Structure formats: C-alpha cells, structure tokens
Amino acid sequence: MGEEKGDDPPSTPAGGTGQGDEASVKKIKLLKEAVVQATMSCGGEGNSVATLALVEMVRENPSLLPDTILCVKSRVKAKDEQVSIISMSLVDVLIDAFGLPCSRIAMGTLLPRISRLAAPGTLTPATVRHRAQELVRKWGASLGTSEGGEGFAAAERDLRLLEEEESARIRVQQGRTYVVDDGFARGASRGISRVGSNAVESHSQP
C-alpha cells in the first residue's frame, strides 16, 4: 500500500514553497475551518450543511483537493471517536463527489491510516474499527478493480487475512479455555467422589 504521507494538515498549498502568497494562505485557513465544521459531531452525525459547503469549495477550486484530504486525515486521528468516524465518512463523500482523482490521493494519503484503524485485535475503539472496516471493504469492492485502485484491493485483502487470523486465534483461545474448564470440572468431580467414598467408609466401620 506504500508509505503513509505526513500527518500534519497543510499551512500552505500542497506543492508550494512554504512561502505561499497571502491569498493562498487564506484559502488554506478557510479550508481547515471548513473541514473542522464538516467533521464536528452533531448528535452523532456530521454537519451535512458544512459538508456540502466543503464540497462546493473544492469543486470551485479543484487544486485544493490534496490539501482537503490532508486536513481530513488530521481529523481521522482525533481522540474523539465520533469525530474520527465522521471524518472517515467524509472521505467517502469526497471520493463519491470527485471520483478517481480523489480516490488516488486518498489511497496514498489516508488509506494506510484507515487500514490500521480497521485491523482487528487492536486497541482501536470498536465503533471506529467497525466504520474503518466498512470503508475498506466498500472501497476494495468499488475501487479495487479500477485502474490505479490496486491499493484498495490490497487493503481489503489484507483486512480479510487479518480477520481470519484473529478468528483462528479466538478459536484456539476458546479451545484452551474449554480444556481448562473441562479439566477443572473433572477434577472437582473426582474430589467429590473421593469425599463421598470416604464418608461411606467411615459410616460402614463398626
């Protein structure tokens, strides 16, 4: 899937010299604010009005798309579970809105992080992990067979393998627990039998 690109949201437009003119810096500031508004939790859901405004902002200025994905990435890693989930869903909205150009950027910039969140057997909160898994599966099915979408297919395949390994690990663990519990039960039964036998013997003695 390749290495994950930097985490920090941009302070100047992507591909710039770091000395963007005042207008460009202002655009990035407005973009960051728009992403924050779109990924704020409103009763457990994203702000649909802010999301539409963000999509229109990028539609009017397509060069903002890479920076938009970077800004969303910084929200995906938020400690707030709802913000993280809403941010991942926003990526899906952007892919639907802007198609192949957005999916290619997301594949290199965001997919590795979402794949890590989707991995079973980790400390990732269950709600975040489940949403990440849904998206990895969806993108693998819808984008994995398209030209340049090999990363999505690989992410879905890796997730499936991890899930199989986790299921096998759980089955082994459950088997060990059963053996321990069954052995304890047999041992306890034998102990009770011995106690009963001793009691019978003591009563039968003159």
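In this predicted model, glutamate 156 and arginine 160 join their side chains in a salt bridge, with N and O 2.7 Å apart. Both residues sit in helix 7, four residues apart, which is about one turn of the helix. That spacing fits a general rule: an α-helix has 3.6 residues a turn, so residues three or four places apart point the same way. Neither end of the bridge is buried: glutamate 156 is partly exposed at 21% relative accessibility, and arginine 160 is partly exposed at 36%.

Helix 6 holds a bridge of its own. There, the side chains of arginine 131 and glutamate 134 meet at 3.0 Å, N to O, and the two residues are three apart, again about one turn of the helix. Glutamate 134 is partly exposed, with a relative accessible area of 44%.

Now follow a bridge between two helices. Glutamate 163 pairs with arginine 137, their closest N and O atoms lying 2.4 Å apart. This pair links distant parts of the chain, since glutamate 163 belongs to helix 7 and arginine 137 to helix 6, 26 residues apart. In total, the model has six salt bridges.

Let's turn to the interior. The largest nonpolar core contains 39 residues, and Leu54, Val72, Met88, Leu94 and Trp139 have the most contacts inside it. Helix 4 (81-109) is among the elements giving two or more residues to this core, and helix 4 contributes the most, with 10 residues. Beyond its neighbours within four places in sequence, valine 72 touches Val35, Ser87, Leu90, Val91, Leu94 and Leu110.

Finally, look at helix 5, which is mostly covered, with seven of its eight residues buried. Among them are Leu111, Arg113 and Ile114.

Definitions and conventions. Residues are numbered from 1 along each chain as its sequence is written. This is a predicted model: local features need pLDDT of at least 70, side-chain atom pairs count only at pLDDT 80 or more; totals for chains, interfaces and linings use all residues. Side-chain values use heavy atoms; hydrogens and water are left out. A nonpolar core is a set of buried Ala, Val, Leu, Ile, Met, Phe, Trp, Tyr and Cys residues joined through side-chain atoms within 4.5 Å. Buried means under 20% relative accessible area, exposed over 50%, partly exposed in between (1.4 Å probe, protein chains only). Contact means heavy atoms within 4.5 Å. A salt bridge is a side-chain nitrogen of Lys or Arg within 4 Å of a carboxyl oxygen of Asp or Glu.
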